[in-house]
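Visitor: Please choose one part of this protein and take me through it closely, giving the cut-offs behind each term as you go.

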Amino acid sequence: MPRYVIPPPPQPALSVARQPATGSEGREREVELFPVRRIWCVGRNYADHAREMGHDPNREPPFFFAKPADAIVASGATIPYPPATTDLHHEIELVVAIGKGGADIAEAEALDHVWGYAVGLDMTRRDLQGEAKKLQRPWEMGKAFDHSAPIGAVVPAARIGHPARGTIGLKVNGVVRQRGDLAQQIWSVAETIAHLSRLVALAPGDLIMTGTPAGVAAVSPGDALEGWIEGIGEVRVAYALAAPAAG
């Protein structure tokens with residue numbers, strides 16, 4: 001049998017949110033995890049956010065970028081402020097968890113591929129992203145860094161359906177920074193899946209972060225973030241008080 005020459009990395013995963021239940025003998029239900037394969041992100045999917053970033057949402061088809069699966073941070077964690085930035089921004093987002101793969105998926109069938117939904121944060125080193133844009137270079141170092149994807153528990157679509165409206169928001173240190181509604185998305189979840197599946201074959205375990213409403217702003221060391229989506233859940237993280245030392 002083949003063997004790995006170094007220990008394989010752990011499988012990134014998210015907890016699954018089930019309704020509290022016990023078995024026939026009163027035992028608590030075992031912990032369930034959703035294994036994560038890839039993280040795809042939709043750029044500028046709310047009109048007000050597109051405008052605040054200097055773009056016209058009426059002329060832009062959806063576009064996508066990626067984060068590594070191991071950028072996931074579980075809700076409730078305290079995480080280090082990332083290096084090489086002085087302008088870390090929060091972006092609260094609906095996260096779609098794919099349970100059935102496929103390519104060139106029809107919009108009418110797209111929601112059949114969704115296993116569930118979660119609340120996530122697309123953390124962004126805005127200064128690095130902005131510099132990359134000016135130089136027409138890739139965005140990875142602005143978007144795909146360590147701890148850049150805090151995500152809460154996945155709620156099964158079998159339990160909540162497919163939310164198309166509901167409040168989405170974020171508080172920093174208890175003060176509301178972002179507030180919008182899922183109904184304000186330029187591209188619906190079904191449309192997003194259909195578009196993305198024409199570019200890559202989606203697979204079970206893929207996540208899609210579907211864009212953020214207006215109000216993105218800077219986060220400082222020591223800040224506590226609390227994001228929520230009505231009918232789905234929340235995500236909470238805090239940044240360690242001290243930034244890492246240079247070098």
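Guide: Among contacts (heavy atoms within 4.5 Å) between residues at least 6 apart in sequence, 75% join residues at least 24 apart. The model is predicted, so local features need pLDDT of at least 70 and side-chain atom pairs count only at pLDDT 80 or more, while totals for chains, interfaces and linings use all residues. Residues are numbered from 1 along each chain as its sequence is written, and side-chain values use heavy atoms, with hydrogens and water left out.

The protein has 247 residues, of which 45% are buried; buried means under 20% relative accessible area, exposed over 50%, and partly exposed in between, with a 1.4 Å probe and protein chains only. Its secondary structure comes to five helices and 18 strands, where helices (H or I, at least four residues) and strands (E, at least two) are DSSP runs numbered from the N terminus.

The part to look at closely is a group of aromatic rings. Four aromatic pairs are found in the whole structure; rings of Phe, Tyr and Trp (its six-membered ring) pair if their centres lie within 6.5 Å, with planes under 30 degrees apart called stacked, over 60 edge-to-face and the rest tilted. Phenylalanine 63 and tryptophan 139 make an edge-to-face pair, at 5.9 Å centre to centre and 85 degrees between the planes. This pair links distant parts of the chain, 76 residues apart, as phenylalanine 63 lies in the loop between α1 (47-52) and β4, and tryptophan 139 in the loop between α2 (126-134) and α3 (140-143). Phenylalanine 63 is partly exposed, with a relative accessible area of 25%, whereas tryptophan 139, at 19%, counts as buried.

Tryptophan 139 also pairs with phenylalanine 65: the ring centres are 5.6 Å apart and the planes stand at 55 degrees, so this pair is tilted. Here too distant parts of the chain are linked, since phenylalanine 65 belongs to strand β4 and lies 74 residues from tryptophan 139. Phenylalanine 65 has 13% relative accessibility and therefore counts as buried. Ring pairs thus link Phe63, Phe65 and Trp139 into a cluster.

Two lysines, too, are placed over rings. The charged end of lysine 67 sits over the ring of phenylalanine 145, 5.8 Å from its centre, and lysine 171 lies over the face of tryptophan 228, at 5.9 Å from the ring centre; the criterion is that NZ of Lys or CZ of Arg is within 6 Å of the ring centre and within 35 degrees of the ring normal.

The setting of tryptophan 139 also involves the nonpolar cores, each a set of buried Ala, Val, Leu, Ile, Met, Phe, Trp, Tyr and Cys residues joined through side-chain atoms within 4.5 Å. The largest has 39 residues, and Val96, Tyr117, Leu121, Met123, Ile193, Leu225 and Tyr239 touch the most other members. Among the elements that give two or more residues to this core are β8 (92-98), β9 (114-121) and α5 (189-196). A second, separate core of 20 residues includes Trp139 itself, together with Phe34, Cys41 and Val154.

Strand β4, which carries phenylalanine 65, has a further role in the packing, for β4 (64-67) is one of the elements covering the buried residues of α5, along with others including β8 and β9. Six of the eight residues of α5 are buried, so this helix is largely enclosed by the rest of the structure.
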